[in-house]
Amino acid sequence: MRLESTVPSIPAELVAALDHSCGIRTDTDLLFFGSSLDIIKRLPPGTVTLSDLEKFTQLVAEKASVPGHRGDEILAGSGRRSGKHPQASCGVKELDELVGGFGDSRVFELSGAKGSGKTALALQIVIQCLLANADSYALWIDTSGDFSAEKTAQLVRHFDIAVSDKVLERLQVSLSFDIEAVHDVLEALHISLLSSRTVGPIVRWIVIDSITPLLLPSLSAVSSQGHAIMTTFMRRLRELARAFGITIMAINGTSAAAPFNQSSAFASTIRKPALGPSFTFMTDCTLWLSKMKDIPDSEGSFSVHVAEVFRSRATRSKTWCTFQIRHGVLSSTSDL
């Protein structure tokens with residue numbers, strides 16, 4: 001939570017001073033910075049009293065706390081959201097069935113080694129959904145500068161050349177290289193959704209490609225602050241998804257798993273999703289992708305991939321299917 005959002009409960013002058021003098025911009029920064037006395041020492045004299053700072057810190061802690069919800073209310077709300085959310089398909093029947101579809105107000109983790117098809121899958125889901133829902137937008141948060149407008153245009157033309165320009169107009173790309181920049185993008189989106197909640201097209205899909213460089217640098221085995229940053233960010237994504245009926249896909253890198261990944265149905269899987277074991281439980285589904293082999297063909301080579309559910313709230317874990325990628329387009333291996 002950005003401290004700016006607590007104004008006027010917390011004076012704007014204090015929020016600005018915390019940012020300028022201490023680098024404190026979020027609730028996590030404030031709560032894990034140290035004691036109130038440590039903060040006072042860094043602030044300009046007369047900015048705030050110690051007792052008031054402690055009172056404001058307590059207020060931030062209360063606002064950042066997770067509210068309690070009854071199970072029956074969550075179930076009822078989930079049913080209402082599912083009915084309002086546009087249907088979402090990646091265009092590969094086996095993949096859709098594996099995760100129960102890519103719609104609803106859910107947060108997906110797409111993980112796997114480089115070349116496994118993570119970005120290709122996310123992009124195809126977005127394009128298919130924009131083609132099927134003319135009143136929807138998608139937001140693509142590019143954290144590495146690797147988003148290719150040319151490849152995206154080619155994919156759109158592959159599915160429907162007649163409306164390619166209109167579809168591309170509804171795909172918004174934001175270049176954000178750190179967690180603060182992404183928070184700013186999400187805050188702007190939140191304000192926009194609140195102001196136009198009932199009129200005009202709205203954002204229904206968000207892709208973060210990739211989430212790993214945003215969170216990994218702050219994680220440490222000797223400090224809990226990085227984990228708090230990750231938890232706060234993921235909770236914000238979940239709240240955004242549930243409040244506005246948005247499907248969010250977070251693309252994650254990998255790390256070593258010795259001797260093999262026990263979450264996988266295959267003993268040959270020696271990698272696992274990055275960001276630690278707790279990250280998996282902050283999403284609704286962890287989908288692991290891997291590349292099996294390249295196959296030469298008269299029309300150009302294509303690759304065969306495996307998609308496996310490591311964990312899901314909606315479908316069984318350790319279930320899997322295969323798919324192929326040809327010229328950047330995913331399709332069923334039953335077409336072989």
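**Reading the sheet and its cores**

Visitor: Which residue in β5 does Glu109 stand opposite?

Guide: Glu109 stands opposite Ala250 in β5. Keep in mind that this is a predicted model.

Visitor: Why are β1 and β5 called paired?

Guide: Pairing takes at least two bridges between two strands. Here 5 bridges join β1 (residues 107-112) to β5 (residues 247-252), so the two count as a pair. They run parallel.

Visitor: What makes β3 and β11 edge strands?

Guide: Each of them pairs on one side only. The order is β3-β2-β4-β5-β1-β8-β9-β10-β11, an open sheet of 9 strands with mixed pairing. From one strand to the next, the twist averages 25°.

Visitor: Which helix lies across β1, β2, β3, β4, β5, β8, β10 and β11?

Guide: That's α7, residues 118-132. Its direction is at about 160° to β2. Angles here go from 0 to 180 degrees between N-to-C directions, so at about 160° α7 and β2 point largely opposite ways.

Visitor: What makes Leu121 stand out in the largest nonpolar core?

Guide: Leu121 is one of the four residues touching the most other members, along with Leu95, Phe102 and Leu287. The core has 37 residues, and its largest share, 8 residues, comes from α7. Beyond its neighbours within four places in sequence, Leu121 is in contact with Cys90, Leu95, Phe102, Leu110, Leu287, Leu289 and Leu330. Being in contact means having heavy atoms within 4.5 Å.

Visitor: How many residues does the other core have?

Guide: It has 31 residues, including Leu139, Leu189, Leu275 and Met282, and lies apart from the largest core. Members of a core are joined through side-chain atoms within 4.5 Å.

How values were computed. Residues are numbered from 1 along each chain as its sequence is written. This is a predicted model: local features need pLDDT of at least 70, side-chain atom pairs count only at pLDDT 80 or more; totals for chains, interfaces and linings use all residues. Side-chain values use heavy atoms; hydrogens and water are left out. Helices (H or I, at least four residues) and strands (E, at least two) are DSSP runs, numbered from the N terminus. Buried means under 20% relative accessible area, exposed over 50%, partly exposed in between (1.4 Å probe, protein chains only).
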